Amino acid sequence: MYNNIYVGIDPSINSTGVCTLVYDLDGELKEDRFYIIKNGKLTKKEQKAELDNIDKFSYVLLERNTEAEDNHELELNKTLYFMEVVSSILEIINTTNYRFGRFCNIYVCIEGISYGSSQTKSVFDLAGLNFMIRSGIIKNCKGLTSELIVGTPGELKKFSTGKGNSAKDIIVSAFKAIYPNLNLPKVDDIADAYFMANYIKKIKENN
């Protein structure tokens, strides 16, 4: 029997959140897992949180080279780091697929870019990462069926909390109500990813 994998991705320069929900065709939840892809090392709190929640959560650590002699090298290093983020997301998706039989239906939701949330250079970097992730999934996400949707921040917030302008803490509270025992130093990235995975799940079920 084929399984359905619903994936939510919350792109971030420093801590990209990923959620994978695996359901069988009878609608039974087989696995729910969360990942935060980040650069650098884990703090002691993060190490303990990962150990305490190993059945549902993992950090994926990457090395980002921020040392550069000029802007050209700096931009190249940034691109190489973004490529590693994309590779990590693809590894999560494909590993989940293989773990559940290699022939899963894979449905992915990624949050679109909130251009009005920042007036700094970082919004352009985030846009670049976002489109690199989309491209990587379209080219490399392997499964019986693979579909990608891009949800606007407003519609994803409305799905999560009922309001399209909900603050981050409202979304976090909604997530904690569902996973009260998932104690992590920072859950906003995986909270967004969780609701994205459920958002595309609802869309596919209603089709």
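Colour the whole chain by burial to begin: in this predicted model, buried residues make up 48% of the 207 residues in the protein. With the full surface displayed, the accessible area comes to about 11000 Å², and 52% of that area belongs to carbon and sulfur atoms.

Stay with the complete chain for a moment and turn it along its principal axes, where the C-alpha atoms fill a box of roughly 55 × 35 × 35 Å. The radius of gyration of the protein is 17 Å, which agrees with the value near 17 Å that a compact globule of 207 residues would have. If you select the charged side chains next, you will have 25 positive and 27 negative charges, whose mean positions lie 3 Å apart. Among the contacts with a separation of 6 or more, 61% are accounted for by residues 24 or more positions apart.

Now switch to a cartoon view, in which the protein shows six helices and six strands; followed along the sequence, these elements give the pattern β-β-β-α-β-α-β-α-β-α-α-α.

Select strand 1, residues 3–10, as the next stop. Is this strand mostly covered or exposed? Strand 1 is mostly covered, as eight of its eight residues are buried. The cover extends to both faces, with N3, I5, V7 and I9 buried on one side and N4, Y6, G8 and D10 buried on the other.

Add strand 2, residues 15–24, to the selection, and you will find that it pairs with strand 1 in the antiparallel sense over eight bridges. The two strands form a hairpin with four residues between them, and a useful place to inspect the pairing is N3, which stands opposite D24 in strand 2.

Then bring in strand 5, residues 105–111, which runs parallel to strand 1 and is joined to it by six bridges. Centre the view on I9 of strand 1, whose bridge partner in strand 5 is I110.

From I9, move on to I137, a residue placed in helix 3, which spans residues 122–140. I137 counts as buried because its relative accessibility is 2%, below the 20% cut-off for that class. Which residues does I137 touch, leaving aside those up to four places away in sequence? I137 touches I9, L90, V108 and L148, so displaying these side chains together brings the tour back to I9 of strand 1.

For a last selection, take I137 together with I93: these residues are 44 apart in sequence, and their C-alpha atoms are 9.2 Å apart in space.

Technical notes:
Residues are numbered from 1 along each chain as its sequence is written. This is a predicted model: local features need pLDDT of at least 70, side-chain atom pairs count only at pLDDT 80 or more; totals for chains, interfaces and linings use all residues. Side-chain values use heavy atoms; hydrogens and water are left out. Buried means under 20% relative accessible area, exposed over 50%, partly exposed in between (1.4 Å probe, protein chains only). Two strands pair if DSSP finds at least two bridges between them. The radius of gyration is taken over C-alpha atoms; the globule rule is 2.2 Å times the number of residues to the power 0.38. Contact means heavy atoms within 4.5 Å. Accessible areas come from the Shrake-Rupley method with a 1.4 Å probe; for residues, only the protein chains shown count as cover. Lys and Arg count as positive and Asp and Glu as negative; His and the chain ends are not counted. The place of a charge is taken as NZ of Lys, CZ of Arg, CG of Asp or CD of Glu.
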